[in-house]
Amino acid sequence: MAAKAGAAPATYSPSPTTYKKNRPPIFTDVDWVRPDGRDFHQCRPAFLRTGAVNAASGSAYAEFGNTKVIVSIFGPRESKKAMLYSDTGRLNCNVTYTTFATPVRGQASDNKEISSQLHKSLEGAIMLDTFPKTTVDVFALVLESGGCDLPVVISCASLALADAGIMMYDLVAAVSVSCLGKNLVIDPVSEEENYQDGSLMITCLPSRNEVTQLTITGEWSSPKIHEAMELCLDACSKLGKIMRSCLKESASTSQG
């Protein structure tokens, strides 16, 4: 475990001095406040720990507000004989939701789509040539869906891969922003995602400052995209430091 029992979650919000702006509320007749009381550019506290599943090659648990995710890594294992020979390894990603993850049964995201996006985000960060003819399985389980599920799954899966000793160019951190009226809201909760006009998610290798995936939905102006990307990249950089700190603490605990 990388975090001690009762340890305070870490924060990774973008620098307020850079992005602090007076913005009009979404609703002109009321003072709009985020459901959990955060500032528009304030991320939820992040609690991370590794070694959550003893039977797995590596694992991690992530809790960002009400979003709770656990990821298990299995392998590398020999690929099925039916597969063609490959001098690079294969990554298999599977994301599922518990039946109690959402307030209404069947309300969870499309598992195939979110699994595919997880694969795209991680693939560029893994040194696939270090385990030829073998497969690494990534199993992510969303215990509670509280908003920003995919970014949390991606960050948690990256931490679990590192815990499993899978060779990577860097950890993968993911952050998303919702566009609500004229406002940009980082790390949105479910209620905000339900009312968003558009969303932007960035997954990147924070210490290398390389983007592995950029996903945009809705209509965006060029200045808004630029501002949203800056917010996400700044938060990803800070989240990457928290993730590395988690791994260092886990290593020192196991050695001790």
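User: How much area does the protein chain expose, and what do carbon and sulfur atoms supply of it?

Analyst: In this predicted model, the protein chain exposes about 12700 Å². Carbon and sulfur atoms supply 51% of that area.

User: Why is D137 called buried?

Analyst: The relative accessibility of D137 is 5%. Buried means under 20%, so D137 counts as buried. Its place is in strand β5, residues 134-144.

User: What makes the link between D137 and R77 a polar contact?

Analyst: The side chains of D137 and R77 are joined at 2.6 Å. The cut-off for a pair of N or O atoms is within 3.5 Å, and 2.6 Å meets that limit, so the pair is called a polar contact.

User: Which residues is D137 in contact with, leaving aside its neighbours within four places in sequence?

Analyst: They are S72, I73, F74, R77 and N92. Contact here means heavy atoms within 4.5 Å.

User: Why is L214 called partly exposed?

Analyst: L214 has a relative accessible area of 40%. Buried would need under 20% and exposed over 50%; 40% falls in between, so L214 is partly exposed. This residue lies in strand β9, residues 210-218.

User: What makes L214 fit a nonpolar patch on the surface?

Analyst: A patch takes residues with over 30% relative accessible area, and L214 has 40%. Leu is among the nonpolar side chains that count. L214 forms the patch with V211 and I216, and together they have about 220 Å² of accessible area.

User: How many helices and strands does the protein chain have?

Analyst: There are five helices and nine strands.

Methods
Residues are numbered from 1 along each chain as its sequence is written. This is a predicted model: local features need pLDDT of at least 70, side-chain atom pairs count only at pLDDT 80 or more; totals for chains, interfaces and linings use all residues. Side-chain values use heavy atoms; hydrogens and water are left out. Helices (H or I, at least four residues) and strands (E, at least two) are DSSP runs, numbered from the N terminus. Accessible areas come from the Shrake-Rupley method with a 1.4 Å probe; for residues, only the protein chains shown count as cover. Patches are made of residues with over 30% relative accessible area and no salt bridge: like charges are joined within 9 Å, nonpolar side chains (Val, Leu, Ile, Met, Phe, Trp, Tyr) within 5 Å. A salt bridge is a side-chain nitrogen of Lys or Arg within 4 Å of a carboxyl oxygen of Asp or Glu. Buried means under 20% relative accessible area, exposed over 50%, partly exposed in between (1.4 Å probe, protein chains only). A polar contact is a pair of N or O atoms within 3.5 Å; within protein, one must be able to donate a hydrogen and the other to accept it, and residues adjacent in sequence count only if both atoms are side-chain atoms.
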